[in-house]
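Student: I'm new to this one and don't want a rushed tour. Please choose a single part and take me through it slowly, with enough of the surroundings to find my way.

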Amino acid sequence: EVVEAESRLEDLMLIGIRTRGVPLAEQLAADIFQLEGKRVPIGTLDITLYRDDLSLVAPKPVVRESHFPEPIEGRTLVLCDDVLYTGRTVRAALDAGANFLDTADAYADGKNEQLLARALADGYRAKAVVASKFGNVRTPDGKPAANGRPEYVIEACNRSLARLGIDVIDLYYQHRVDAAVPIEETVGAMKRLVEQGKVRALGLS
C-alpha cells in the first residue's frame, strides 16, 4: 500500500514510534527493499508525553531520544505504530471528524480489513464510510496479477465482509482491471452485489 501510494520512494522516510513501532518500521523497510530494491531510511519518534494513557504507563515515564537519519523537509513521512492494531488510532480519527476508511483485500493480505473490524466495533461503524477493493492478486510465484472473474468478485466481497465484520460495504472498487475478462462481466457481478444488499456503490480504481 505504501509503495502504491508513493511514486518517489527516494522521498519516503519511515518513522517508528517507540517502542514497538520501531520493529514495524524496520519490517516495512525490509519488505519495500524486497519488492522494489530500494532502501528507505528509518527514523524513531518518542511520543511518551503525548500519550492518552500516560498516567497508566508508569509513575515516572521515561522519554527516549527521537532520531531522524536525514532531514525530513519535503519528504513523505509514514508513521509506524503497533497501537494501530488495536483500532484506537482509527477511532480517534473518526471521533475527530474523519469519516472515509479506504482499504482492500490486497493490503497486508486481508489483515488491514481485520484491523478496521476492530475499529468499527462498538458503534463506530455508523461514523464511517467504508470502501474496499478486489482484483489485485498475485500469482503463485509472487508476480502481480488481476482477477475479474464474476465468481471471484462474489467470493472476494464475501471474504471482505467477513474480515471487516460488517453487513455492507459502502463503496466497492475493482482494484485492477483483468484484461482477460470482459469488463461487462466483472461489473455485472458487482451489480449483483448491490442488488443483494452487500454493496451500496461501485467504483473502478
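Tutor: Let's look closely at the contact of helix 5 with helix 6, then step out to a few other spots. This is a predicted model, where local features need pLDDT of at least 70 and side-chain atom pairs count only at pLDDT 80 or more, while totals for chains, interfaces and linings use all residues. Residues are numbered from 1 along each chain as its sequence is written, and side-chain values use heavy atoms, with hydrogens and water left out.

First, the whole chain. It has seven helices and nine strands (DSSP runs numbered from the N terminus, H or I of at least four residues for a helix, E of at least two for a strand). The C-alpha trace spans about 60 × 40 × 30 Å along its principal axes. Of the 205 residues in the protein chain, 37% are buried (under 20% relative accessible area, with exposed meaning over 50% and partly exposed in between, for a 1.4 Å probe and protein chains only). Take the contacts (heavy atoms within 4.5 Å) between residues at least 6 apart in sequence: 73% of them join residues at least 24 apart.

Now to our part. Helix 5 covers residues 111-120 and helix 6 covers residues 150-164. Their axes come within 7 Å and cross at roughly 45 degrees (lines fitted to C-alpha atoms over the stretch in contact, with angles from 0 to 180 degrees between N-to-C directions). Helix 5 and helix 6 are therefore oblique to each other; angles under 35 degrees would be roughly parallel, over 145 roughly antiparallel and 65 to 115 roughly perpendicular, with the rest oblique.

Which residues in helix 5 meet helix 6? On the helix 5 side they are Glu113, Gln114, Leu116, Ala117 and Leu120, and across from them in helix 6 sit Ser160, Arg163 and Leu164. Sorted by class, the residues of this contact come out as four nonpolar, two polar and two charged (Ala, Val, Leu, Ile, Met, Phe, Trp, Tyr, Cys and Pro are nonpolar, Asp, Glu, Lys and Arg charged, and the others, Gly among them, polar).

Zoom in on Arg163, which is found in helix 6. Its relative accessible area is 21%, so Arg163 is partly exposed. Leaving out residues up to four places away in sequence, Arg163 touches Asp105, Gly110, Glu113, Gln114 and Ala117. Arg163 and Leu115 are 48 residues apart in sequence, yet their C-alpha atoms are 8.6 Å apart in space.

Ser160 is also found in helix 6. Is Ser160 buried or exposed? Ser160 counts as buried because its relative accessibility is 0%. Apart from neighbours within four places in sequence, Ser160 is in contact with Asp105, Glu113, Ser132 and Ile169. Asp105 and Glu113 turn up in the list for Arg163 too.

Next, follow the chain back to the loop between strand 4 (100-102) and helix 5, where Ala108 lies. Phi of Ala108 is near 55 degrees, a positive value in a residue other than glycine. Asp109 lies in that loop as well, and phi of Asp109 is again positive, near 55 degrees. With 66% relative accessibility, Asp109 counts as exposed.

Finally, some landmarks elsewhere in the chain. Ala25 has its place in helix 2, and its 0% relative accessibility is why Ala25 counts as buried. Ala25 touches Leu14, Ile15, Gly16, Ile42 and Cys80, not counting residues up to four places away in sequence. From Ala25 to Thr186 there are 161 residues in sequence and 37 Å in space, C-alpha to C-alpha.

Thr44 lies in strand 2 (residues 42-45), and at 12% relative accessibility Thr44 counts as buried. Its partners, beyond neighbours within four places in sequence, include Ile15, Gly16, Val22 and Phe68. Leu77, found in strand 3 (residues 76-80), is partly exposed, with a relative accessible area of 39%. Leu77 touches Met13, Ile15 and Ile72, again setting aside residues up to four places away in sequence. Ile15 therefore links these landmarks for your eye, as a contact of Ala25, of Thr44 and of Leu77, with contact meaning heavy atoms within 4.5 Å.
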